[in-house]
Amino acid sequence: MNEVLSRLQELLFPSVPGVAVVAIDAHGEAIRVEARCTPAGAACPDCAHWTERVHSSYLRFPADLPAAGRRVQLALRVRRFFCTASACGRRTFVEQVPGLTRRHGRVTERLRRAMSEIGLALAGRAGARLAGVMGIATSRTTLLRRVMDLPDPAATQPRAVGVDDFALRRGHVYGTVVIDAETHQVLDLLPERDAATLAPWLAAHPEIEVICRDRAGAYADAADTAAPQALQVADRFHLWQNLASAVEKTVADHRSCLRDLLPITPVPEPAWETPADTAAGQEAETDDPTGKFAERARAHHALVHDLLAQGMSLRGVTRHLGWGRHTVQRYARAVRWQDMVKGRKRQLPSKLDPFKPYLAGRWAETEGNMTILDLHREITERGFRGHYSTVRDWIRRDLPQREGITPAPPPPSVRQVTGWLTRHPATLTEEEKLHRKAVLDRCPELASAAELTSSFAEMLTTLSGDRLPEWITEATTASLSGISSFAAGLNNDLDAVTAGLTTEWNSGPVEGAVNRIKMIKRQMFGRAGFDLLRKRVLLSRPNS
């Protein structure tokens with residue numbers, strides 16, 4: 001029997017010395033484990049005087065982790081000792097078991113740690129549900145208290161930090177997150193996003209050499225005031241985002257150039273370049289998918305297979321195009337581009353379906369000599385609650401049009417042209433490339449904007465920030481609304497922008513930390529206070 005109890009003691013208390021299992025009763029709903037403390041004496045918690053004089057003993061019943069899916073009832077006999085030191089003011093004290101109990105504790109330390117980890121991972125409500133499944137009786141508030149009882153991580157001395165804001169209440173209240181730019185570990189969360197909040201934190205860390213930030217003026221002022229020794233690095237993503245907004249303003253200012261563009265007629269592929277088997281396959285495929293997605297799938301499929309035919313690896317194609325690895329894999333594995341749009345032709349029910357017979361009849365009666373606006377008004381009087389564009393698109397697509405009248409294609413929108421100027425040329429379809437060329441040939445100002453955008457993109461991707469002053473001068477003298485203002489604004493933060501276009505430092509890890517904060521906020525239904533949110537973010541692991 002002693003051997004059995006010894007083995008059970010090794011299983012139940014593997015890392016807790018000074019505890020001996022006396023008896024185990026497995027009958028009933030709970031497993032009752034009776035144990036006692038084995039040391040001959042204990043040290044006084046006030047004066048650390050060792051004593052072996054026992055005053056009395058009693059049973060403690062701390063809650064413990066369940067075993068084999070059953071609740072464990074721990075009956076631990078502890079002793080009360082006399083403190084024999086004459087200079088000590090304490091007369092008696094109760095012995096504690098390191099790693100198992102603490103003073104006034106009603107749960108074991110390992111159960112406390114388990115509840116803390118559950119609270120960190122799942123917060124209150126979800127954590128309480130998981131704890132119930134595991135056999136741990138607790139509430140959501142208890143789990144949150146266990147999280148708040150945890151100490152903050154040990155202070156570090158970061159060499160490079162990243163700073164960004166995050167929303168406590170989107171559009172109303174914002175805070176600041178500071179991370180270690182080398183280890184990507186969150187260092188602290190601050191309740192505000194102004195210079196007065198960040199400056200004291202930076203001043204308390206004089207060892208900082210690099211500060212990665214966006215172009216917010218508050219963070220720049222805090223860095224200038226509290227960390228003048230640090231190199232400030234403006235984030236490249238935000239620089240490109242600002243440039244894209246400037247290009248959109250430039251295109252909007254010259255939107256008149258987008259009207260009355262000549263129709264684009266793609267040059268047909270010569271017959272001798274089309275293999276016979278391919279031509280036969282195209283004739284056999286009479287029901288090819290149509291629409292914007294189908295055209296994009298056709299172009300992307302051809303682009304990926306052309307790069308693979310040149311000997312480029314899948315990883316190389318991914319880096320070259322800037323796409324996701326799985327996206328490139330899907331295009332590479334598809335033998336035909338039609339396979340990429342399989343199942344996308346399913347027509348969903350439309351609120352226009354009950355009115356299509358009426359529209360077709362009225363269109364046939366007038367032989368197409370009726371405006372779509374009048375048809376929309378007629379079916380609206382009959383109960384249709386849809387938009388005019390729904391009627392327009394269906395009539396143009398499914399009803400016969402009048403002979404000799406071809407509706408002019410709509411001019412490209414400002415957003416479309418902005419995309420043509422700011423996207424990587426390899427991601428544009430052949431049709432988009434032709435439209436882009438037509439727009440640039442029509443408007444010299446937009447051609448200049450495209451050239452400036454391309455040169456800035458080259459600086460950003462090749463980290464050649466030494467060319468920035470020359471680019472600013474060229475963009476300023478171009479007198480383009482939007483781009484010229486963007487270039488002039490770079491002079492106010494020239495050193496940080498130059499560092500962002502020259503060094504390898506960036507704010508990507510900070511954006512990842514902000515996304516993790518969003519996940520934790522949503523997990524707590526947005527009702528967590530700042531202190532609890534800060535505790536969970538600081539103690540959460542980056543890969544969790």
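**View 1. Contacts of Phe456 in the largest nonpolar core.** Setting aside the residues within four places of it in sequence, Phe456 is in contact with Leu239, Trp240, Leu243, Leu468, Trp471, Phe486, Leu490 and Leu501 in this predicted model. The largest nonpolar core has 35 residues, and those that touch the most other members are Val251, Phe456, Leu468, Trp471, Ile483 and Leu490. At least two residues of this core come from each of helix 7 (236-253), helix 15 (414-422), helix 16 (430-442), helix 17 (444-462), helix 18 (468-477), helix 19 (483-490) and helix 20 (494-500). Helix 17 provides the largest share, with seven residues. A second core, separate from this one, has 18 residues, among them Phe166, Val177, Val514 and Ile520.

**View 2. Ala475 and its surroundings.** Ala475 is found in helix 18, and because its relative accessible area is 0%, where buried means under 20%, this residue counts as buried. When neighbours within four places in sequence are left aside, the contacts of Ala475 are with Leu452, Ile483, Ser484 and Ala487. Ala449 is 26 residues away from Ala475 in sequence, while the C-alpha atoms of the two residues are 8.5 Å apart in space.

**View 3. An open sheet of five strands and the helices that pack on it.** The strands of this open sheet follow the order 10-9-8-11-12, and their pairing is mixed. Strand 10 (186-190) and strand 12 (231-234) are the edge strands, and each has a single partner strand, so one side of each has no neighbour in the sheet. From one strand to the next, the twist averages 25°. Strand 9 (residues 173-180) and strand 10 run antiparallel and are joined by four bridges, and Val178 stands opposite Asp188 in strand 10. Helix 5 (residues 195-203) packs on the sheet, where it touches strand 8 (160-169), strand 9, strand 10 and strand 11 (210-213), and the direction of this helix makes about 145° with that of strand 10. Helix 22 (residues 530-539) also packs on the sheet, touching strand 8 and strand 10, and its direction makes about 170° with that of strand 10.

**View 4. Asn515 in helix 21.** Asn515 belongs to helix 21, which covers residues 508-523. With a relative accessibility of 47%, this residue counts as partly exposed, because the value lies between the 20% limit for buried and the 50% limit for exposed. Asn515 and Phe166 are 349 residues apart along the chain, and their C-alpha atoms are separated by 9.0 Å.

**View 5. Strand 2 between its two partners, strand 1 and strand 6.** In a regular strand, the side chains alternate between the two faces of the sheet. Along strand 2 (residues 31-37), Ile31, Val33, Ala35 and Cys37 point to one face and are buried, whereas Arg32, Glu34 and Arg36 point to the other face and are not buried. Strand 1 (residues 19-25) pairs with strand 2 in the antiparallel sense over six bridges, and Val21 stands opposite Ala35 in strand 2. The hairpin formed by strand 1 and strand 2 has five residues between the strands, and Gly28 takes a positive phi near 100° there. Strand 2 and strand 6 (residues 72-82) run parallel and are joined by six bridges, with Leu74 in strand 6 as the bridge partner of Val33.

**View 6. Thr108, a buried loop residue.** Thr108 lies in the loop that connects strand 7 (92-94) with helix 2 (109-122). This residue counts as buried because its relative accessibility is 0%, and buried means under 20%. Not counting residues up to four places away in sequence, Thr108 touches Pro62, Ala63, Asp64, Leu65, Leu74 and Leu100.

**View 7. The whole chain and its low-confidence stretches.** The protein chain has 22 helices and twelve strands, and buried residues make up 38% of its 544 residues. Among the contacts with a separation of 6 or more, 59% are between residues 24 or more positions apart. The pLDDT of the chain averages 85, and 89% of the residues score at least 70. Over residues 271-276, however, the pLDDT is below 50, and the model gives this stretch two contacts beyond near neighbours in sequence. Residues 278-286 also have pLDDT under 50, and the model has three contacts for them beyond four places in sequence. Where pLDDT is low, the predicted coordinates should not be read in detail.

Technical notes:
Residues are numbered from 1 along each chain as its sequence is written. This is a predicted model: local features need pLDDT of at least 70, side-chain atom pairs count only at pLDDT 80 or more; totals for chains, interfaces and linings use all residues. Side-chain values use heavy atoms; hydrogens and water are left out. Buried means under 20% relative accessible area, exposed over 50%, partly exposed in between (1.4 Å probe, protein chains only). A nonpolar core is a set of buried Ala, Val, Leu, Ile, Met, Phe, Trp, Tyr and Cys residues joined through side-chain atoms within 4.5 Å. Contact means heavy atoms within 4.5 Å. Two strands pair if DSSP finds at least two bridges between them. Axes are lines fitted to C-alpha atoms, for helices over the stretch in contact, and angles run from 0 to 180 degrees between N-to-C directions. pLDDT is the predictor's confidence in each residue, from 0 to 100.
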